[in-house]
Amino acid sequence: MVSVTRAVFGDLPLGAGTVEKFQLQSDQLRVDIISWGCTITGLEVKDRQGRASDLVLGFAELEGYLQKQPYFGAVVGRVANRIAKGTFTLDGKEYQLAINNGPNSLHGGVRGFDKVLWTPQVLSNGVEFSRVSPDGEEGYPGELKVWVTYTLDGGELVINYRAQASQATPVNLTNHSYFNLAGQGSPNIYDHEVTIEADAFLPVDETLIPTGEVAPVQGTAFDLRKPVELGKHLQEFHMNGFDHNFCLKGSKEKRFCARVHHAGSGRVLEVYTTQPGVQFYTGNFLDGTLKGKSGAVYPKHSGFCLETQNWPDAVNQPHFPPVLLKPGEEYDHTTWFKFSVA
């Protein structure tokens with residue numbers, strides 16, 4: 001059984017609308033999602049002692065999400081991740097996007113899908129958010145109708161993304177939740193054990209754009225096919241952290257993507273997806289300046305993201321999986337976050 005309750009979360013400035021919060025609860029999971037950016041603001045899971053903790057970084061109030069902050073819990077789009085120099089060419093026409101991350105365009109631009117109010121509809125086991133992204137929004141071609149659905153099934157949070165376009169446009173949607181399996185507000189994720197089921201990854205240049213090479217993980221710091229303890233692994237390879245796309249087996253079927261285990265609490269997160277890639281990000285840019293829930297601060301490496309998605313800059317790299325959505329087609333991807341205790 002899943003219960004769904006809705007409440008007011010806050011009002012946007014200048015009468016721009018009311019943000020609602022939807023609480024989804026099963027016997028194993030409690031998830032809070034707001035209609036601003038389809039943002040996951042809370043996710044409570046019990047540890048092996050039966051004590052519940054909130055595992056996602058974020059804010060108690062709407063104001064926190066309206067300030068400059070690193071996409072905590074939000075759906076990002078129209079195109080997640082980076083597009084080199086914020087530009088691409090489609091049918092002979094060049095499109096210029098906002099440059100908002102060094103020389104590149106990141107997560108849909110200045111006002112991406114994370115910074116808009118979505119229209120909610122309550123379902124028996126979750127909530128569906130929808131919006132229409134107008135032609136030319138943030139520089140992208142064509143009108144895009146988008147639906148993001150969150151449902152609970154026992155210990156599993158399921159996120160489905162659908163979209164339809166009026167003209168050809170790149171589309172790449174993901175959720176940018178930062179997790180800490182010890183509980184949000186815990187100082188770091190070094191005691192987390194990570195596995196990613198990928199034989200290849202994408203090396204990046206100094207602006208974090210893929211070089212184009214699809215590199216085998218074998219014999220590198222990116223070989224996470226067997227579990228590694230994150231802190232020790234970063235030390236051993238003298239790494240600042242991960243912010244890389246891992247290449248998954250290409251198919252539209254549900255498949256295992258990643259597993260994170262926190263020995264201290266016994267909590268396990270397993271990720272399954274239909275997407276061809278996952279961006280593993282270890283919160284390298286967090287710096288402790290943001291005040292989160294319950295007085296928490298979020299220093300570097302205090303949370304991790306597993307952003308299931310197409311490969312970064314795919315619109316400019318023809319040998320990457322196709323990222324264009326054409327009229328008459330439907331973008332349809334699902335990711336499963338499965339929580340358990342070991």
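Contact means that heavy atoms lie within 4.5 Å. By this criterion, residues 24 or more positions apart account for 65% of the contacts in the protein with a separation of 6 or more. The structure is a predicted model, in which local features need pLDDT of at least 70 and side-chain atom pairs count only at pLDDT 80 or more, while totals for chains, interfaces and linings use all residues. Residues are numbered from 1 along each chain as its sequence is written, and side-chain values use heavy atoms, with hydrogens and water left out.

The overall dimensions were considered next. The radius of gyration, taken over C-alpha atoms, was compared with a globule rule of 2.2 Å times the number of residues to the power 0.38. For 342 residues, a compact globule would have a radius near 20 Å, and the value of 19 Å found for the protein agrees with this. Along the principal axes, the C-alpha atoms fill a box of roughly 60 × 50 × 40 Å. The accessible surface, obtained by the Shrake-Rupley method with a 1.4 Å probe (for residues, only the protein chains shown count as cover), comes to about 13,700 Å². Carbon and sulfur atoms contribute 51% of this surface.

Burial was classified by relative accessible area: buried means under 20%, exposed over 50%, and partly exposed in between (1.4 Å probe, protein chains only). Of the 342 residues, 59% count as buried. In soluble globular proteins, nonpolar side chains tend to be buried together. A nonpolar core is here a set of buried Ala, Val, Leu, Ile, Met, Phe, Trp, Tyr and Cys residues joined through side-chain atoms within 4.5 Å. The largest such core has 62 residues, and those with the most contacts inside it are Tyr150, Leu157, Ile196, Phe246 and Phe280. Apart from it lies another core of 17 residues, among them Phe72, Tyr281, Leu290 and Ala296.

Helices (H or I, at least four residues) and strands (E, at least two) are DSSP runs numbered from the N terminus. The protein has two helices and 27 strands. Two strands are taken to pair if DSSP finds at least two bridges between them. An open sheet of nine strands follows the order E11-E12-E13-E14-E27-E23-E22-E17-E20, with antiparallel pairing. Strands E11 and E20 (228-229) stand at its edges, each with a single partner strand, so one side of each is left without a neighbour in the sheet. At one of these edges, E11 (residues 119-122) pairs with E12 (residues 126-133) over four bridges in the antiparallel sense. These two strands form a hairpin with three residues between them, and proline 120 stands opposite phenylalanine 129 in E12. Elsewhere in the sheet, E23 (residues 267-273) and E27 (residues 331-341) run antiparallel and are joined by seven bridges; arginine 267 has valine 341 as its bridge partner in E27.

Strand E14 (residues 156-165) contains arginine 162, which is partly exposed, with a relative accessible area of 23%. Apart from residues up to four places away in sequence, arginine 162 touches Glu128, Lys145, Val146, Trp147, Glu330, Tyr331 and Asp332. Its side chain and that of glutamate 330 are joined by a polar contact of 2.9 Å. A polar contact is a pair of N or O atoms within 3.5 Å; within protein, one must be able to donate a hydrogen and the other to accept it, and residues adjacent in sequence count only if both atoms are side-chain atoms.

Strand E21 (residues 243-247) has five of its five residues buried, so the strand is largely enclosed by the rest of the structure. Asp243, Asn245 and Cys247 point one way from E21, and His244 and Phe246 the other way. Two bridges join E21 to strand E18 (residues 200-201) in an antiparallel arrangement, with alanine 200 opposite cysteine 247. E21 also pairs with E24 in the antiparallel sense over five bridges, and phenylalanine 246 stands opposite valine 278 in E24.

Glutamine 279 lies in E24 (residues 277-281) and is buried, with a relative accessible area of 3%. The side chain of glutamine 279 makes a polar contact of 2.9 Å with the side chain of asparagine 81 and reaches the backbone nitrogen of asparagine 245 at 3.3 Å.
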